[in-house]
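Q: Please take a close look at the places where the parts of this structure meet. A connected account for a reader new to the structure would be welcome.

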Amino acid sequence: MDITLKVNGTPHAVDVDPRMSLLDLLRERLGLIGAKKGCDHGQCGACTVLIDGRRANACLALAVAVDGSEVTTVEGLAKGDDLHPLQAAFIEHDAFQCGYCTPGQLCSAVAMLGEPGPSAVTDDLALDPELTPEEIRERMSGNLCRCGAYVNIVKAIAEAAP
Amino acid sequence: MNRVEGRVKVTGLATYAAEYPVEAVAYAYPVQSLVAKGRIVRVHDAEAREMPGVLAVLSCEDPPRLAEDADAELALFQSRDVAYRGQIVAAVVAGTYENARAAAAAVRVEYDPDDHDVALRSDHPGFYRPDVVNPDYPSDTVKGDVEAGLAGAAASVDVTYSTPVLHNNPMEPHAAVAVWDPEGRLLVYDSTQGASPDRDTIAQTFGLPREDVRVVSRHVGGGFGAKGSTRPHAVLAALAARAAGRPVKIALTRQQMFDVTGYRTPTIQRLRLGADAGGRLTAVEHVAYEQSSTLVEFAEQTATPARVMYATPALRTAHRLVRLDVATPSWMRAPGECPGMYALESAMDELACALGMDPVELRVVNDADAEPEGGLPFSSRNLVMCLREGARRFGWRHRDPEPGVRREGEWLVGTGVAASTYPARRRPARAFAFVRDGDYVVQVAAADIGTGARTALVRIAADALGVPPDQVHVELGDSDLPEAPVAGGSMGTASWGSAVVRACEELKRGDGKEGRADTTDEVGNDARLARHAFGAQFAEVRVSSVTGEVRVPRLLGVFAAGRIVDPQLARSQFIGGMTMGLGMALMEETLTDEEFGGFLRRDLAQYHVPACADVPHVEAVWLDEQDGELNPMGSKGIGEIGIVGTAAAIGNAVHHATGHRVRDLPLTPVKILSRF
Ligand code: FES
Ligand code: FES
């Protein structure tokens, strides 16, 4: 099936197998290996990308379902040679070891910082919560890190938060 | 200094095994056995062969050629016998992943099933004493008279602990891309912890000379032991590529990983400890019961830490193994030490309670000045300093020993302590250092699986050369580089680093242009000493009296691991290990399917690993330990000790919080609630 989409600002017109996920489209067809496949079932967050600005698991989206969308992957976060502040903070705080969860953590964090409203750990539901470490941990719990870099991930995000 | 590959990792440019651009690559998808034991009568693949894009189907119906001495877990399609549910019994190769997966689902395998036996239980009649346990320790040891020591003890414990099947679950699923050239040489991009040993195993499996095989693995998405030996996916990729006449990629699914990439054996461990009124041990006995497959004997060294930890006049350790219709267990972070120290350090806590003694002090009075089993002197041992420093930082002296008395609303609060230990070994390696464009290049077939090996070796080489780190470039992850051992057993940095230092010294001594090293002789001449890292872990827990949920607001680890090569990397390694230990304590468990064989909970929605919200505060610090008997860096390995003792510290804290002792990991709400 023919679809068109923009990935990191570049338009693509592709003929895809209707069974193909957005994740496999990125990795196997478009040569964008940044989004990782950790489970293919929406359970680990390694494949997190932004679809029209919102974080989403690329393994759970069929490629045909994102026809007409704008997708941002980790490859699209830096501006030329200038890293996104979150990317720089991840390096500075050693917020990864193997790096396999990192693209998902970064895309997830980029979107998370722009998400309003309370979470399960917010005390006062009427207010936009302050981004405490507890809020960051709660909001980032869809992204598993088996290397156990969470302590550093939370520090990096807290530092890069506006 | 930050990780040298940090930038490619945060920009998504680092290439993991499945991510190398290879022209005309096809995809393989395995078919797994649905029975736990039996014979394959027939593989019906006619339908699959007719499906779109299918290039080949592999199975025992037309066994591909492999060496006769191939490892039984790697000898794919050579036999009609099924050894465990989930074993790879066929595979489909197709031009796209979607087509390969669909055709694999259409392959029907007809079995003649046998009754299977998959459950580890303490009264299994099949237990036997293996000749040795991993890597080459005696299975059993006896010193002194344990029964007399127990009979004369002022206090004793006789307790049985059990741990479940655990899965490493690195975030990157095992993957490989295999490419044959027209001369019959094989290139494999593989997710492996050791390019040199992986190359050797693949060459042996295919009956090829080593020179005809090359393994490349520049970035590896975690391993924790699961990528420490060659796994069937790599062999399958090469077989499939040979059959299809094209390069073939395989990336295992998370579910398939549970079946064919190894796991930590479940254990049942009986501990008998006795002490005099002053807390001095009079006897220690540690017997471990564990499993292996019918294919390969894998005997985890679970009771060996008792041979190292505490001074005692009477010490008996033993391992008993039973061969079940299961996949072969394999390496998982701190094999042996991790489950063994969980049981030993929990039993020590019980002994402290029985004696009415502080658990830190109990460990201090039993500190050993030579290895309790065998009497070898330690190259260095700073367990007591770790305990003292940890107690000071954690505020231990304010602790009320009484269990089950601190309540904050629904939450019961407690603290616990446990010791850590891990051997400090090294193996021979080679390295080559040379000058290129005014900078220094160091080559060694090491692996960076997230440990920071590249960065650590840059530092080590820069130190040895006396130049700034930004003038040094390390090349690793390729079996064409100088031969190096696996990233495992916490001996990567010690082994590779020794060779790198010697190569750099050689360069400086010679023409200043290049230097080569092979540390085989040097390592072979290491003095006979007991070399181990030690540590102490402290945990605070909150246990809900309503739901039974355990939270861990605070974990502290203090380690004595020789000279720390890079503080930032070390801290990440320690806290990573402790975080995995938290998972072991509270949530990680694979169930064995007794009815059908194989495993249950084969994904990350059911096999829970710690998530960000589970890990509020983990802190790791270390002592400045000088030890000149290790290697040129003076370092001990740190990849594994972080997970050793964590689960015991948390379990001991849960006892302190609730007054109840759960001796069966993980400490799930249902087990805790049933005690209230
Ligand atoms: S790969 Fe998509 S959530 Fe795991
Ligand atoms: S850095 Fe390895 S899984 Fe997160």
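A: What follows describes the contact between the two chains, and then the contacts between domains within each chain. The model is a predicted one.

The interface between the chains comes first. On the side of chain B, 59 residues are in contact with 47 residues of chain A. Between chain B and chain A an area of about 4400 Å² is buried, and carbon and sulfur atoms give 54% of this area. Within chain B, the residues that lose the most area to chain A are B:V10, B:M171 and B:C612, which together account for 18% of what that side buries.

The polar part of this interface can be described by counts and by one example. Five salt bridges are counted between chain B and chain A. In a salt bridge between B:R3 and A:D94, the closest N and O atoms are 2.6 Å apart. The count of residue pairs in polar contact between chain B and chain A is 27, with both residues at pLDDT 80 or more. Several helices of chain B take part: α1 (6-10), α3 (97-106), α7 (254-260) and α14 (567-586) each supply at least two residues of the side that touches chain A. Of the elements of chain B, α14(B) gives the most to that side, with nine residues. Sorted by class, the side of chain B that touches chain A has 29 nonpolar, 18 polar and 12 charged residues.

The account now turns to the inside of chain B. This chain is divided into four domains: domain 1 (25-115 + 169-260), domain 2 (118-164 + 271-376), domain 3 (378-423 + 531-676) and domain 4 (430-528). The C-alpha centres of domain 2 of chain B and domain 3 of chain B lie 19 Å apart. To the contact between these two, domain 2 of chain B brings 40 residues and domain 3 of chain B brings 43 residues. About 3400 Å² is buried between domain 2 of chain B and domain 3 of chain B, and carbon and sulfur atoms give 62% of that area.

Domain 2 of chain B and domain 3 of chain B have four salt bridges between them. B:D367 and B:R381 form a salt bridge in which the closest N and O atoms are 2.7 Å apart. Between domain 2 of chain B and domain 3 of chain B there are also 16 residue pairs in polar contact, both residues being at pLDDT 80 or more. On the side of domain 2 of chain B that touches domain 3 of chain B, at least two residues are supplied by each of β10 (155-163), α8 (337-355) and α9 (359-365). The most comes from α8(B), with 10 residues of that side. By class, this side of domain 2 of chain B holds 25 nonpolar, four polar and 11 charged residues.

Chain B also contains an open sheet. Three strands form this sheet in the order β4-β2-β6, with antiparallel pairing. Its edge strands are β4 (81-82) and β6 (108-113) of chain B, each of which pairs on one side only. Strand β2 (residues 38-44) of chain B runs antiparallel to β6(B), and six bridges join the two strands. Along this pair, B:I40 stands opposite B:Y111 in β6(B). Strands of a sheet pair through backbone hydrogen bonds.

Chain A has a domain contact of its own. This chain is divided into domain 1 (2-76) and domain 2 (85-160). The C-alpha centres of domain 1 of chain A and domain 2 of chain A lie 22 Å apart. Across their contact, 17 residues of domain 1 of chain A meet 16 residues of domain 2 of chain A. The area buried between domain 1 of chain A and domain 2 of chain A is about 1200 Å², with carbon and sulfur atoms giving 56%.

One salt bridge is counted between domain 1 of chain A and domain 2 of chain A. A:R55 and A:E115 meet through their side chains in a salt bridge at 2.8 Å, N to O. Seven residue pairs are in polar contact across the interface of domain 1 of chain A and domain 2 of chain A, with both residues at pLDDT 80 or more. Strand β3 (residues 48-51) of chain A gives three residues, the largest share of the side of domain 1 of chain A that touches domain 2 of chain A. By class, that side of domain 1 of chain A has five nonpolar, eight polar and four charged residues.

Technical notes: Residues are numbered from 1 along each chain as its sequence is written. Chains are lettered from A and ligands numbered from 1 in the order in which they are written. This is a predicted model: local features need pLDDT of at least 70, side-chain atom pairs count only at pLDDT 80 or more; totals for chains, interfaces and linings use all residues. Side-chain values use heavy atoms; hydrogens and water are left out. Domain bounds come from an automatic or database domain assignment. Contact means heavy atoms within 4.5 Å. Buried area is the accessible area (1.4 Å probe) that two parts lose on being put together, summed over both. A polar contact is a pair of N or O atoms within 3.5 Å; within protein, one must be able to donate a hydrogen and the other to accept it, and residues adjacent in sequence count only if both atoms are side-chain atoms. Helices (H or I, at least four residues) and strands (E, at least two) are DSSP runs, numbered from the N terminus. Ala, Val, Leu, Ile, Met, Phe, Trp, Tyr, Cys and Pro count as nonpolar, Asp, Glu, Lys and Arg as charged, and the others, Gly among them, as polar. Two strands pair if DSSP finds at least two bridges between them.
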